[in-house]
Amino acid sequence: MKVSMISAIAHGRVIGTGHGGIPWHLPRDVKHFRNYTRGKFLLIGRHTFEEMQGWFSDHYPIILTRQTDYTAELGSVANTMEGAMDLAKASGAGELVVCGGAGLYHSALPYADELILTLIDAGIEGTALFPDYENAAKWETLSDEAFSADKDNNHAMRIVHLRRLHPTALGAKEVLDGETR
Ligand SMILES: NC(=O)c1ccc[n+]([C@@H]2O[C@H](COP(=O)([O-])OP(=O)(O)OC[C@H]3O[C@@H](n4cnc5c(N)ncnc54)[C@H](OP(=O)(O)O)[C@@H]3O)[C@@H](O)[C@H]2O)c1
């Protein structure tokens, strides 16, 4: 099963103000997010799940929380990254798409095989940051599309799709386990 992360990132890796909501208006990115994630298993941090109620009816959401008694009306709940990946795999997922927010992206980056990033050409004040993926691993670019701002989308943006060149934390562990068996 592949683990991917999808995110929209402004200058300085800002992904949110830190007090709720997404600080830009980009219907093109919303459409891209919906097209990429539709029908897939999604991993969502507890804060983002509560902030984005109503977004996940076309998906199989797994909510990540350390609260062992957390219940959600929609989807499943996991308490660890490994538990979430096992749950998705056991349900037959070919891909688990990590949808944020900041805390979850940091937890999930070591496991991510691919990144689907909307790089927004905007300087935005915010404390919610995407992790420093460029220095965390080496990535090859599968695609890179540029879009100008227009009457509906208030910033220019690029959608880049990156694939990790080295094994993920999980891949490396599987290699080690194999070597010690
Ligand atoms: N631009 C984008 O693409 C994008 C996408 C999504 C969200 N965002 C932004 O991100 C911000 C929210 O980020 P956030 O960091 O506050 O919240 P978050 O990542 O949505 O949720 C954090 C919570 O997830 C759980 N969690 C995270 N890592 C875990 C782990 N390894 N094991 C178990 N549970 C774990 C914990 O829940 P418990 O506290 O319940 O234990 C933690 O408090 C908002 O500003 C939002 O708008 C931006």
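## Starting with one serine

Is S4 buried or exposed? With a relative accessibility of 0%, S4 counts as buried, because anything under 20% falls in that class. Keep in mind that this is a predicted model.

S4 sits in strand β1. Its side chain makes a polar contact with the side chain of E95, at 2.6 Å. Leaving aside residues up to four places away in sequence, S4 touches Y36, E95, L96, V97, V98, E114 and I116.

## The sheet around it

Let's step back to the sheet. It's an open one with 8 strands, and the pairing is mixed. Reading across, the order goes β5-β4-β3-β6-β1-β7-β10-β9. At the edges you'll find β5 (76-78) and β9 (139-147), each of which pairs on one side only. From one strand to the next, the twist averages 20°.

For a look at one pairing, take β3 (residues 41-45) and β4 (residues 60-64): these strands run parallel, joined by 5 bridges. Here L42 stands opposite P61 in β4.

## Helices across the strands

Now for two helices. Helix α1, residues 27-37, lies across β1 (2-9), β3, β6 (95-98), β7 (114-120), β9 and β10 (157-164). Its direction is at about 170° to β1, the strand that holds S4.

Helix α3 covers residues 81-90 and lies across β1, β3, β4, β5 and β6. This helix runs at about 165° to β4.

How values were computed:
Residues numbered from 1 in each chain as written. Predicted model: local features only at pLDDT ≥ 70, side-chain atom pairs only at ≥ 80, totals over all residues. Heavy atoms only, no water. Pairing = 2+ DSSP bridges. Helix = DSSP H or I, 4+ residues; strand = E, 2+ residues; numbered from the N terminus. Axes fitted to C-alpha atoms, helices over the stretch in contact; angles between N-to-C directions. Contact = heavy atoms within 4.5 Å. Buried < 20%, exposed > 50% of the residue type's maximum accessible area, 1.4 Å probe, protein only. Polar contact = N/O pair within 3.5 Å; in protein donor to acceptor, adjacent residues only side chain to side chain.
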